[in-house]
Amino acid sequence: MRILGIETSCDETAAAVVDDGVHVRSSIVQSQVELHSAFGGIVPEIASRAHTENITRVIDKALDDAGASLDSIDAVAVVNRPGLIGSLLVGVSAAKALALANDLPLIAVNHLHAHVYALGLDAEPITKPLIALVTSGGHTNLYLVRDDDDMNLIGRTHDDAAGEAFDKAAALLGLGFPGGPALSKAAEGGKTNAVVFKRAMLDRDTLDFSFSGLKTALLYHIKGQDKSRDADTLKDINVSDVAASFQEAVVTVLVRQTLRACKRTGIKTVGVGGGVAANKRLREKFEEEAKPLGIEVRFSRPEYSTDNAAMVAGFGHVLFEKGKLADPRVTAYARNDEELISLEN
Ligand code: KG4
Ligand code: ZN
């Protein structure tokens with residue numbers, strides 16, 4: 001069973017061909033980072049225009065690289081939620097057109113579920129049940145995963161995503177975009193306790209996250225007591241120490257909330273995916289805190305941590321097998337439609 005996957009939810013135009021949900025025959029990701037970096041963040045209008053320009057070529061390349069003709073494709077899977085609406089619509093329109101013209105079944109995929117599926121993609125199968133942390137520029141979600149198609153949202157951010165917090169902090173510290181890699185590099189050798197940033201949510205009975213307060217705290221740290229001072233003035237700041245302290249606050253909350261979910265459920269396996277999964281300190285922190293509890297932590301392969309279409313085609317296979325096909329008139333949704341399941345303490 002061969003599925004063509006399409007992903008355009010944010011700023012990557014991606015297409016992939018995956019056989020039987022696990023054999024990745026091709027995975028093309030066209031990044032738009034250069035287009036957006038001049039603005040210090042993703043500009044939705046620019047993103048959807050770039051998707052429109054690139055989508056046909058990216059799909060053709062995915063088919064070419066897989067040595068696959070359109071005739072050999074059995075179904076088309078596309079991310080239709082959540083994400084930037086203008087961006088999502090480009091992928092959804094392309095997928096609908098391809099499915100209609102070639103008489104193929106269409107599968108609509110939740111981007112976040114595809115991230116969870118990516119944990120086991122091109123890797124040893126991951127033990128279930130598991131607690132999955134999906135942490136990227138757009139999302140910070142915790143899932144209780146009982147099976148490939150049985151995922152329950154048990155925690156989410158109330159405001160900024162963890163990657164977004166890194167991006168905003170890096171911008172304030174003059175480190176460029178995307179901020180995560182730049183900030184973690186700047187943090188190398190810095191003191192993690194040089195600045196005390198609050199670990200939001202750890203003092204509450206919740207599995208949720210909140211990162212926007214950190215950005216404000218950082219802004220005040222830079223400006224000091226001098227309200228008129230320009231936040232761009234960084235001459236009195238030890239950027240390395242501040243970056244290390246900020247990173248420590250973010251990763252501590254990510255790790256603690258995930259392990260809190262393990263404690264509440266008795267689950268001993270954790271999977272971490274999304275762009276922030278690349279963060280070295282996050283990996284170390286999980287290692288430090290999970291190991292003593294006998295909890296195994298797995299990370300998705302780097303190429304399937306960040307946005308890609310192989311995870312979409314792979315998860316599309318799961319949905320196809322369960323008969324969960326999309327209506328040909330399916331559309332895109334900016335918001336995540338999942339209900340939050342509350343786990344009692
Ligand atoms: O999954 P992804 O490619 O796209 C989204 O769906 O958002 O994640 C991108 C995010 C950005 O916010 C980026 O700053 C962050 O992941 N990121 C990192 C690192 N590498 C990427 N954050 C912290 N440390 C990193 N090493
Ligand atoms: Zn993503």
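Here a biologist and a modeller talk through ligand 1 and a pocket in a predicted model.

Biologist: Happy to start with the ligand. What makes G180 a polar contact of ligand 1?

Modeller: The cut-off for a pair of N or O atoms is 3.5 Å. A backbone N or O atom of G180 lies 2.9 Å from an oxygen atom of ligand 1, so the pair counts as a polar contact. G275 passes too, with a backbone N or O atom 3.0 Å from an oxygen atom of the ligand. For N279, a polar side-chain atom lies 2.9 Å from a nitrogen atom of ligand 1. The protein covers 88% of the 550 Å² of accessible area that ligand 1 has on its own.

Biologist: Which helix gives the most to the shell around ligand 1?

Modeller: That is helix 6, with 4 residues. Helix 5 (162-172) also supplies at least two.

Biologist: Why is G137, one of the residues that come nearest ligand 1, counted as polar?

Modeller: Gly is placed among the polar residues by definition, so G137 belongs there. The whole shell divides into 4 nonpolar, 12 polar and 2 charged residues.

Biologist: Now the second largest pocket: how do you know which domains line it?

Modeller: Its lining draws at least three residues from each of domain 1 (2-117 + 305-321) and domain 2 (125-300). Among the residues nearest the pocket's centre are Y117 and K128. Helix 4 (111-117), strand 7 (140-147) and helix 11 (310-321) each give two or more residues to the lining.

Biologist: And what is the lining like by class?

Modeller: It has 12 nonpolar, 3 polar and 5 charged residues, around a space of about 260 Å³.

How values were computed: Residues numbered from 1 in each chain as written. Chains lettered and ligands numbered in written order. Predicted model: local features only at pLDDT ≥ 70, side-chain atom pairs only at ≥ 80, totals over all residues. Heavy atoms only, no water. 1 Å grid on protein atoms, 1.4 Å probe; cavity = no way out; pocket = protein on both sides within 12 Å on 5 of 7 lines; lining within 4 Å. Points joined across faces, edges and corners; volume = space filled by probe spheres on them. Domains from an automatic or database assignment. Polar contact = N/O pair within 3.5 Å; in protein donor to acceptor, adjacent residues only side chain to side chain. Areas by Shrake-Rupley, 256 points an atom, 1.4 Å probe, with all protein chains shown as cover.
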